Amino acid sequence: MNELSDILIWALPALAVVAVGVAVPLRRRSRRPAPPAAPEAGAPDAGAPSGTAVAEAPVAEPATTAEAAEVAPAAPALETPEPVQGRLVRLRERLARSGSPLGARLLAVLSRDHLGEDDWDELEEVLLLGDVGAGPTAELLDRLRERVRVLGVREPAAVRGLLRELLLDLVGPDLDRSLALPPAGEGPAVVLVVGVNGTGKTTTVGKLARVLVAEGRSVVLGAADTFRAAAADQLATWGARVGVPTVRAERDGADPAAVAFDALREAQEAGADVVLVDTAGRLQNKAGLMDELGKIARVLARPGPIAEVLLVLDATTGQNGLRQAQVFTEVAGVTGIVLTKLDGTAKGGIVVAVQRELGVPVKLVGLGEGPDDLAPFDPEAFVDGLLAG
Ligand SMILES: Nc1nc2c(ncn2[C@@H]2O[C@H](COP(=O)(O)OP(=O)(O)OP(=O)(O)O)[C@@H](O)[C@H]2O)c(=O)[nH]1
Ligand SMILES: [Mg+2]
């Protein structure tokens with residue numbers, strides 16, 4: 001079983017296929033860069049409806065931003081994103097660390113020789129605390145009890161093996177979790193990123209841009225969060241670090257759908273493979289936000305279907321986040337979930353509940369605030385991480 005899981009952990013999802021030896025022939029930085037100089041507000045597109053600007057990349061690596069205006073970059077100094085492969089191992093390690101209260105408690109109960117009623121109750125409690133959700137927990141325990149009884153399994157290791165199998169079943173080992181992106185050169189494919197404020201949308205867009213760059217794809221970012229003044233700067237900073245341009249509004253409060261449209265047009269003109277569109281998570285009122293998201297989605301879908309609508313969910317908000325997510329799913333036609341902050345929670349069971357409630361697979365997970373702390377979701381690695389006590 002373990003051998004099998006190890007093999008599967010290394011057998012990467014399509015997303016992660018081409019990550020090493022990529023065409024990012026760049027110097028690795030040992031420190032976080034200074035924020036890029038104020039993006040040049042050149043007018044690449046006279047007459048663009050929203051008055052957008054493209055923050056061109058690459059940028060120099062100045063000691064100070066003041067210098068940046070003067071120092072013309074002789075050679076672009078960009079970061080080389082970490083290969084995607086190693087991330088799955090880190091996923092398992094981090095999950096093991098953050099999820100250990102869950103794993104340790106599960107294993108503590110399961111190491112008892114004979115499971116009595118109190119033990120089963122305790123298992124239920126542990127799973128509920130881990131945010132697996134009431135329905136899935138009941139289902140899992142019913143099946144586990146049945147198997148233990150029918151198979152006459154007694155040894156703790158064998159019961160643990162059964163639990164692993166059932167958990168994996170719940171997580172859905174066969175769901176397609178790859179990003180539906182066409183081969184390089186056939187783009188631009190649109191990836192729209194939505195979610196409640198603070199869940200990690202902008203960070204995820206930045207990390208995902210790095211993954212795509214590492215795969216050798218060309219990317220354009222669209223800063224369709226025009227609600228917050230700093231949002232476009234935050235996004236442009238991510239892009240500049242890996243040489244990806246950001247299309248942004250020239251004034252705050254511009255129409256986000258127009259920015260999204262301009263980003264798509266820029267990607268088309270530049271022959272880019274993917275355009276990643278970041279959105280706002282907060283507006284004065286929820287109805288306004290949903291109207292706006294609907295409009296962005298419609299504009300982006302004009303030339304053809306949107307490749308992916310990724311809903312970003314913060315794993316630490318548990319079941320609450322789930323209810324909020326439902327609304328987004330209805331408005332934007334979500335095709336995949338990005339579960340962020342899994343590194344900071346012992347409630348990894350939320351993966352199961354999320355997929356159940358929303359009917360959409362978890363495709364990516366955020367494992368920290370670092371630039372390369374985004375990994376393809378791998379059910380085997382995830383369950384092993386959960387069960388590592
Ligand atoms: N530990 C951890 N922190 C994360 C992760 N993803 C994002 N964050 C942090 O969460 C905070 C919010 O991230 P943002 O990307 O700004 O969130 P957002 O959804 O764009 O927020 P709004 O633009 O306000 O809607 C930042 O401090 C991120 O560093 C993750 O996977 N793990
Ligand atoms: Mg944001």
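In the predicted model, Leu192 stands opposite Val309 of strand S6. This contact belongs to the pairing of strand S2 (residues 189-194) with S6, which runs in the parallel sense and comprises four bridges. Strand S6 also pairs with strand S7 (residues 336-340), again in the parallel sense, over five bridges. Within that second pairing, Leu313 has Leu339 of S7 as its bridge partner.

The connection from S6 to S7 involves a helix: S6, helix H12 (residues 318-332) and S7 form a β-α-β unit, and this unit is right-handed.

Strand S6 itself, spanning residues 308-314, is mostly covered, with seven of its seven residues buried. The burial extends to both faces of the strand. On one side lie Glu308, Leu310, Val312 and Asp314, and on the other lie Val309, Leu311 and Leu313, all of them buried. Val309, the residue opposite Leu192, and Leu313, the bridge partner of Leu339, are thus both found on the latter side.

A further feature of the model is the surroundings of ligand 1. The shell around this ligand consists of 21 residues, of which the closest are Asn197, Gly200, Thr203, Gly281 and Gly366. Helix H8 (residues 201-214) gives the most to this shell, contributing three residues. When the shell is divided by residue class, twelve residues are polar, seven are charged and two are nonpolar.

Notes: Residues numbered from 1 in each chain as written. Chains lettered and ligands numbered in written order. Predicted model: local features only at pLDDT ≥ 70, side-chain atom pairs only at ≥ 80, totals over all residues. Buried ≥ 20, exposed ≤ 12 C-beta atoms within 10 Å, placed from the backbone. Helix = DSSP H or I, 4+ residues; strand = E, 2+ residues; numbered from the N terminus. Pairing = 2+ DSSP bridges. Right-handed = clockwise from strand over helix to strand, strands pointing away. Near = placed C-beta within 6 Å. Nonpolar A, V, L, I, M, F, W, Y, C, P; charged D, E, K, R; others polar.
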